[in-house]
Amino acid sequence: MEPATTVDWQALEAAAVAAMQNAYAPYSKFPVGAAALTGDGRIVSGCNVENASYGLTLCAECALVGNLHMTGGGLLRAFYCVDGSGNILMPCGRCRQLLYEFRAPGMELMTTQGIKTMDQVLPDAFGPEHLEETR
Ligand code: THU
């Protein structure tokens, strides 16, 4: 199914930068902001939240998917992530998996190599459909 409207990448970038400004990153000093467009036209976002127990750090994408569900759920059509300078940041491997779970068909991500699909940044992914196969 074709998306109803085109993606406003500039609006997503602005939302990601605004989210990044809320980051709690006293340990890495590497603030991150992420924003995404939902299937029904909302913009959801998140920032990274670190912890004195370093391994408990929440990536910006964790907050984003929480925000997705807190504001009505749905699926992600387009995604943009920035570092503390506002430069495009590739989501880490774990966060690619988080995003994959909530991807709309044909979901796009702004990457350092231009716009790519979810399937390009996480090929051969494990997903909910694999759980069904073994039941
Ligand atoms: N980080 C994210 O928030 N998202 C990513 O996809 C990559 C890494 C955060 C985690 C940590 O707070 C900081 O960046 C440095 O790794």
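**Exercise 1.** Determine which class of exposure Lys116 belongs to, and from which value this follows.

*Solution.* The relative accessible area of Lys116 is 27%, and therefore Lys116 counts as partly exposed, since buried means under 20% relative accessible area, exposed means over 50%, and partly exposed lies in between (1.4 Å probe, protein chains only). The model is predicted, so that local features need pLDDT of at least 70 and side-chain atom pairs count only at pLDDT 80 or more, whereas totals for chains, interfaces and linings use all residues. Residues are numbered from 1 along each chain as its sequence is written, and side-chain values use heavy atoms, with hydrogens and water left out.

The next step is to place the residue: Lys116 lies in strand E5, residues 114-117, where helices (H or I, at least four residues) and strands (E, at least two) are DSSP runs numbered from the N terminus. If its neighbours within four places in sequence are left aside, Lys116 is in contact (heavy atoms within 4.5 Å) with Met107, Glu108, Leu109, Thr111 and Val121. Pro26, by comparison, is 90 residues from Lys116 in sequence, and the C-alpha to C-alpha separation of the two is 31 Å.

**Exercise 2.** Describe the overall fold in terms of its helices and strands, and explain why the radius of gyration of the protein agrees with that of a compact globule.

*Solution.* The protein contains five helices and five strands, which follow one another along the sequence as α-β-β-α-β-α-β-β-α-α. For 135 residues a compact globule would have a radius of gyration near 14 Å, and the protein has 15 Å, which agrees; the radius is taken over C-alpha atoms, and the globule rule is 2.2 Å times the number of residues to the power 0.38. The C-alpha trace spans about 40 × 35 × 30 Å along its principal axes. Of the 135 residues, 39% count as buried, and among contacts between residues at least 6 apart in sequence, 58% join residues at least 24 apart.

**Exercise 3.** Identify which residues of H2 are buried, and against which elements they pack.

*Solution.* The buried residues of H2 are Ala60, Glu61, Cys62, Leu64, Val65 and Leu68. In reading such a list, recall that an α-helix has 3.6 residues a turn, so residues three or four places apart point the same way. The packing partners of the buried residues of H2 are E1, E2, strand E3 (76-82) and helix H3 (93-101). Just after H2, Gly72 takes a positive phi of about 125°.

**Exercise 4.** Characterise the geometry of the aromatic pair formed by Tyr27 and Tyr54, and state where in the chain the two residues lie.

*Solution.* Rings of Phe, Tyr and Trp (its six-membered ring) pair if their centres lie within 6.5 Å, and planes under 30 degrees apart count as stacked, over 60 as edge-to-face and the rest as tilted. By this rule the count is one aromatic pair. Tyr27 and Tyr54 form it, with 5.4 Å centre to centre and 40° between the planes, a tilted arrangement. The pair links distant parts of the chain, 27 residues apart: Tyr27 is in the loop between helix H1 (9-20) and strand E1 (33-38), and Tyr54 is in the loop between strand E2 (43-47) and helix H2 (60-70). Tyr27 is partly exposed at 38% relative accessible area, while Tyr54, at 59%, counts as exposed.

**Exercise 5.** Examine the positive phi values of Lys29 and Asp124, both in residues other than glycine.

*Solution.* Phi of Lys29 is near 55°; Lys29 is found in the loop between H1 and E1 and is exposed, with a relative accessible area of 65%. Phi of Asp124 is likewise near 55°; Asp124 is found in the loop between helix H4 (118-121) and helix H5 (128-133), and at 82% relative accessibility it counts as exposed.
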